[in-house]
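Biologist: Please take one helix of this model and look at it closely, from the side it hides to the side it shows, and then follow the chain outward from there. I am in my first year, so please go slowly and connect each step to the one before.

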Amino acid sequence: MSDAAIRPAPRLVFVIPCYNEEETLPATMDAIAALLASCKSQGLIREDSFACYVDDGSQDATWELIRQRHEQDRACRGIKFAANAGHQNAVWAGMATARRWGADCIISLDADLQDDISVVPEMLREYLRGIDIVYGVRSSRETDTAFKRDTAQLFYKLMARLNVAMIPDHADYRLVSRPVLKALRGFQEESLFLRGLFPVLGFRTSKVYYKRQERKTGKSKYPLRKMISFAWLGITSCSAAPLRLAGVLSFICMLIALIAFIVSLFKYFSGAVVPGWTSLVIIILFLGAAQLFCLAIMGEYIAKIFTEVRHRPRYIIEKTI
């Protein structure tokens, strides 16, 4: 333990969301168990630290693997959703349950272990010296395709332009202390976007950098469709800028319509022949498309309001072990 430590060794809980991870999970459980043992031997965490696997409504043998592992190793615990509720809800459920189970801090990471767990001791040392949120940040995107790398950079630039506080190249690999877990109880929104939530909390933060690993088994649970949906969730959950964009677009359309009106009026009084209905149809179609676009954006936010006021549970836990 570092001489600069101002906190005692914590009871650490790994929060690991899983969705159809039967191919990956056995190796992941072995790696996490070895990491727990190593951190305990170094005095970085308490002996009662453990891993909590959150089964997000998997349809394969994921839960059975968690249950079998628990019978052999009590440092393996599990939460089973009754239905798929999404990655963000799985992380949230793991954090909330870990807090109730007495965690001093949690580390969330994905089950494929592409986020390098060798930096966990460094995260813990940051916690010991008083840091409440430690972000795991990718040092490079060499393992990504050019398309994914470029779109990710575009997304972070867009979020910065929208004044959304985010940590570039940080996913959901982070250490969170108990005071932060307690503070999160006050956030009741249904549409969770954790990457945009943690940076606005105001606690002491730091970063550790790591090189993302190649996925060894199984398939990615984030195809292009889900990545686009997740990006849109982040934009609409953290910023009202799209609503303002709709207003700006409407104003631009009004200016174009006004210019077209003045030009048409000038041609009328100057005796010029009006070309016909083509220009009129183009203007009507342009204005109609702009109006529909604005209505679609406003409809997205109204749908979020509808979701919030229903106050439905974010997830339903079927079992815990």
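Modeller: Let me begin with the words we need: a residue is called buried when its relative accessible area is under 20%, exposed when it is over 50%, and partly exposed in between. Please also keep in mind that what you see is a predicted model.

With that in hand, turn to helix H2, which runs over residues 62-72 and in which Thr-62, Trp-63, Ile-66, Arg-69 and His-70 are buried. When you look down the axis of H2, these buried residues fall within an arc of 125 degrees, so they line one face of the helix. The face turned away from that buried side carries Glu-71 and Gln-72, which are exposed. The cover over the buried residues of H2 comes from several parts of the chain, and it includes helix H1 (25-41) together with the strands S1 (12-18), S2 (50-55), S3 (76-81) and S8 (317-320).

From this list of covering elements we can step to strand S2, where Phe-50 lies. Phe-50 counts as buried because its relative accessibility is 1%. It also belongs to one of the two aromatic pairs that the structure holds. Such a pair is described by the distance of the ring centres and the angle of the planes. In this case the partner is Trp-101, the ring centres are 5.9 Å apart and the planes stand at 55 degrees, so the pair is tilted. Since Phe-50 sits in S2 while Trp-101 sits in the loop between helix H3 (87-100) and strand S4, the pair ties together parts of the chain that are 51 residues apart in sequence. Trp-101, unlike a buried residue, counts as partly exposed because its relative accessibility is 23%.

The other aromatic pair is formed by Tyr-173 and Tyr-210, whose ring centres are 5.2 Å apart and whose planes make an angle of 80 degrees, an arrangement described as edge-to-face. This pair also links distant parts of the chain, for Tyr-173 is in strand S6 and Tyr-210 is in strand S7 (residues 205-210), 37 residues away. Tyr-173 is buried, with a relative accessible area of 0%, and Tyr-210 counts as buried because its relative accessibility is 3%.

Returning to the rings of Phe-50 and Trp-101, you will find Arg-77 beside them. The charged end of Arg-77 sits over the ring of Phe-50, 4.0 Å from the centre of that ring, and it sits over the ring of Trp-101 as well, at 5.1 Å from the centre.

Strand S3, which we met as part of the cover of H2, is followed by a loop that leads to H3, and Ala-82 is found in that loop. Ala-82 counts as partly exposed because its relative accessibility is 46%. If residues up to four places away in sequence are not counted, Ala-82 touches Ile-316 and Glu-318. The C-alpha atom of Ala-82 is also separated by 9.3 Å from that of Ser-58, although the two residues are 24 apart along the chain.

Further along, two loop residues deserve a careful look at their backbone angles. Leu-113, in the loop between strand S4 (105-108) and helix H4 (120-128), has a phi near 55 degrees, which is a positive value in a residue other than glycine. Asp-169, in the loop between helix H5 (146-161) and strand S6 (170-177), likewise has a positive phi, near 65 degrees. Their surroundings differ in cover, because Leu-113 counts as buried at 18% relative accessibility, whereas Asp-169 counts as partly exposed at 24%.

Finally, let us set these pieces within the chain, which has ten helices and eight strands. Buried residues make up 44% of its 321 residues, and the chain exposes about 16900 Å², of which carbon and sulfur atoms supply 61%. Among contacts between residues at least 6 apart in sequence, 84% join residues at least 24 apart. Disulfides have no part in this picture, for their count comes to zero. As for individual cysteines, Cys-39 counts as buried because its relative accessibility is 1%, and Cys-105 is buried with a relative accessible area of 0%.

Technical notes:
Residues numbered from 1 in each chain as written. Predicted model: local features only at pLDDT ≥ 70, side-chain atom pairs only at ≥ 80, totals over all residues. Heavy atoms only, no water. Helix = DSSP H or I, 4+ residues; strand = E, 2+ residues; numbered from the N terminus. Buried < 20%, exposed > 50% of the residue type's maximum accessible area, 1.4 Å probe, protein only. Arc of directions from axis to C-beta. Contact = heavy atoms within 4.5 Å. Phe/Tyr/Trp six-rings, centres within 6.5 Å; stacked < 30°, edge-to-face > 60°. Lys NZ or Arg CZ within 6 Å of the ring centre and 35° of its normal. Areas by Shrake-Rupley, 256 points an atom, 1.4 Å probe, with all protein chains shown as cover. Disulfide = S-S within 2.5 Å.
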